[in-house]
Amino acid sequence: MSRKTLMTNIAYDTERRRFYVTLWSRQGKKGPAKRTVRCVATLEEARRLLARHTAGEKLSTGRPVSDLTVGQWLDYWLDRIITPSRAASTVHGYGMIVHNHLLPGLGDILLEELTAAEVQEYLNGKLREGLCNNTVRKHYSVLHSALEQARRERKILVNVVEQASRPAQQQPAHHYYDSENMSRLFEALRGTPLEPVVKLAGYLGLRRSEICGLKWGNVDRQNKVITIAEARTAVNGRAVDKETKNTSSVRRLGYGGITDLEEMMDWLWRSRQAREKRLGGISGERDFVICHNSEGKPYQPDYLSNRLREILEEKKLPYVTLHGLRHSFASIAHSRNVPLFGISKALGHSSTSITAQIYMHLFDDTHLSVVQEVSRAIGGEEM
């Protein structure tokens, strides 16, 4: 027999090299048990599937469960609460934190017995491992959200995560270009497939996901207006189309009067027409502005980032990422005395406070100039 039992309800087929998980379900307290067998590729998948199912069976009654572990609840929460209601990229991010960190660290503890001290030791341990404060803050937030759901469903009385100390937020190091370096970059990429990408980021402050998700249906060529309404991001190595980051990210940006950008958009449109003629038509759902010229397929977001890094090294230009070009847009706008409100709207932030928080390193200089102006006035230097 090729199938061998590894543990209760999990077996491995040595010929097919697949794992088989036996799931038992019962309709009502006294109903007959139903047996279902699922096949997965790895032991880790088998364990996750069994844990989610076991937790689901325990929780289906709606009554408190004394032997429910933190790991079983996290699997249940991720599968039943988060996955149906969140974007694929969010689910992937939560899943990485849950499966790679929270389950190994806290998963075997009974949900009812988890203490604030254990949560605090987990957070401190992650910092000792070398994870940055902002990353551990995400762990804190995910665990807090999961346990808050358990509290609302009366599986626990208190969310002990609230009693733990969350790491202080760190201001990330931003790499961005001034107008001179931006001009050098544009010149270095002139005529290359990456030219439209960096110009959309530099001239309009678009996110990488917004550039990759831009379609011709959202470009008003007559009035020279681009509507940012869709995004395309990378999730676990594959591209996923989704809505923009938030409702404020949906915005209209005009490019009329920017000769460089007008010429580039016209060139992209001519390329699109030639491609349509060669291919005998283009599907509206796949009619991306930034794509491979040969077949019209959209780029993988990670490919664009990697290619930019390679070109910067070849041209010996200062390090910057595609998101850094978005920061460059804000920096250059600020240097030209564009009001904070205008910068915030162009970037698609939900409020000016978010813009100020992200670009605090820029606005600190403004505060200094204000203080200096007041000092000169009080000292009578302008009289």
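**Helices in a predicted model**

The protein chain has 14 helices and 9 strands. The model is predicted.

Student: What share of the 383 residues in the protein chain is buried?
Tutor: A residue counts as buried when its relative accessible area is under 20%. The protein chain has 383 residues. The buried share is 42%.

Student: How are helix 2 and helix 5 oriented to each other?
Tutor: Take helix 2, residues 70–82, and helix 5, residues 133–152. Their axes come within 10 Å and cross at roughly 85 degrees. Angles of 65 to 115 degrees count as roughly perpendicular. Helix 2 and helix 5 are therefore roughly perpendicular.

Student: Which residues of helix 2 make the contact with helix 5?
Tutor: Helix 5 brings V142, L143, S145, A146, L147, Q149 and A150 to the contact. By class, the contact has 9 nonpolar, 2 polar and no charged residues. From helix 2 come W73, L74, W77 and I81.

Student: Where is the kink in helix 3 centred?
Tutor: Helix 3 spans residues 88–106. The kink is about 40 degrees. Its centre is V98.

Student: Which helices help cover the buried residues of helix 3?
Tutor: The buried residues include V91, G95, I97 and V98. H99, H101, L102, L103 and L106 are buried too. Their cover includes helix 1 (43–59), helix 2, helix 4 (116–128) and helix 5.

Student: How much of the exposed area do carbon and sulfur atoms supply?
Tutor: The protein chain exposes about 21400 Å². Of that area, carbon and sulfur atoms supply 49%.

How values were computed. Residues numbered from 1 in each chain as written. Predicted model: local features only at pLDDT ≥ 70, side-chain atom pairs only at ≥ 80, totals over all residues. Heavy atoms only, no water. Axes fitted to C-alpha atoms, helices over the stretch in contact; angles between N-to-C directions. Helix = DSSP H or I, 4+ residues; strand = E, 2+ residues; numbered from the N terminus. Parallel < 35°, antiparallel > 145°, perpendicular 65-115°, else oblique. Contact = heavy atoms within 4.5 Å. Nonpolar A, V, L, I, M, F, W, Y, C, P; charged D, E, K, R; others polar. Bend = angle between axes of the 7 residues up to and from the residue. Buried < 20%, exposed > 50% of the residue type's maximum accessible area, 1.4 Å probe, protein only. Areas by Shrake-Rupley, 256 points an atom, 1.4 Å probe, with all protein chains shown as cover.
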